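Me: I should like to understand the terms used for this structure. May I put some questions about them?

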Amino acid sequence: MVKLKILSGSNRPGRFNPQVVDFVRTVAEGVPSVAVKVLDVAEINLPFLDEAKPPMMRDYAHEHTKAWSATIDEADAFIMVTPEYNHSFSPVLKNAIDYLFKEWNYKPVSFVSYGSLAGGARAVEHLRGVAAELKLYDLREQILLPNYWEHQDAAGKYQFTERHRENVTEMVRQLAFWGETMKTAREKLAA
Ligand SMILES: Cc1cc2nc3c(=O)[nH]c(=O)nc-3n(C[C@H](O)[C@H](O)[C@H](O)COP(=O)(O)O)c2cc1C
């Protein structure tokens, strides 16, 4: 099984993020050979990075860092679900990413984003640069939800389409393939 973690990118009260995370999780759970888990930054609630030593040293002082390290270390693949804030991704997501280094290395990642006209595209372009530094392998498969509020019903529920379902399925299939392949590669590197 490939351990796929879906990382949320907003902790705001009233955030839209959980609607997208829930949809992605439900679709991902239907893909064979994938064990899906949601990592909600609001629940994980990391303080602003408070480790004295750089993450590359992997010598953590705090229990919250050790727990976060173990969570990311066991993962084989990621989907990051991000809003766009001022043409970039959210500070709470950056903080969660910056805590660690090696735990991210040689693992595939895909992005789902939302926002106004650009659907979070600019946030994801920034995330791709960050991914390169962390030796995360960013996949082409990407989903954008532009002007998401125009696709919500009267109760505020986003109306996902069959196309979204197909796109998430393909994204997860790719992550499953590369997650498995890179697991083997990591084992070779460690040998
Ligand atoms: C601080 C801030 C900056 C924002 N900047 C952008 C932006 O640059 N581009 C965009 O498409 N939407 C922007 N928005 C709108 C967000 O996409 C929208 O509020 C979205 O619901 C945020 O995600 P969340 O509800 O999951 O936190 C911004 C929202 C906030 C709170």
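Me: What makes strand β1 and strand β3 a pair, and in which sense do they pair?

Reply: Two strands pair if DSSP finds at least two bridges between them. Strand β1 (residues 2-8) and strand β3 (residues 77-83) are joined by five bridges in the parallel sense, so they satisfy that definition. One bridge links S8 with V81 of β3. The names refer to DSSP runs numbered from the N terminus: helices are H or I with at least four residues, strands E with at least two. This is a predicted model, in which local features need pLDDT of at least 70, side-chain atom pairs count only at pLDDT 80 or more, and totals for chains, interfaces and linings use all residues. Residues are numbered from 1 along each chain as its sequence is written.

Me: How do you know that β1 also pairs with β2?

Reply: Six bridges join these parallel strands, and the definition asks for at least two. L7 stands opposite L39 in β2.

Me: Why are β2 and β5 said to stand at the edges?

Reply: The open sheet has five strands in the order β2-β1-β3-β4-β5, with parallel pairing. β2 (34-39) and β5 (136-146) each have a single partner strand, so one side of each lacks a neighbour in the sheet.

Me: What makes β1, α1 and β2 a right-handed unit?

Reply: A crossover is right-handed if, with the strands pointing away from the viewer, the path from the first strand over the helix to the second runs clockwise. β1, α1 and β2 make a right-handed β-α-β unit.

Me: At what angle do α1 and α6 pack, and how far apart are their axes?

Reply: Axes are lines fitted to C-alpha atoms, for helices over the stretch in contact, and angles run from 0 to 180 degrees between N-to-C directions. Helix α1 (residues 17-28) and α6 pack at about 65 degrees, with their axes 9 Å apart. The contact is made by V24, V27 and A28 of α1 and R165, V168, T169 and V172 of α6; residues are in contact if their C-beta atoms, placed from the backbone, lie within 7 Å.

Me: Which residues come nearest to the ligand?

Reply: A residue is near a molecule or strand if its C-beta atom, placed from the backbone, lies within 6 Å of it. Of the 13 residues around the ligand, S10, N17, P83, G115 and S116 come nearest.

How values were computed
Two residues are in contact if their C-beta atoms, placed from the backbone, lie within 7 Å.
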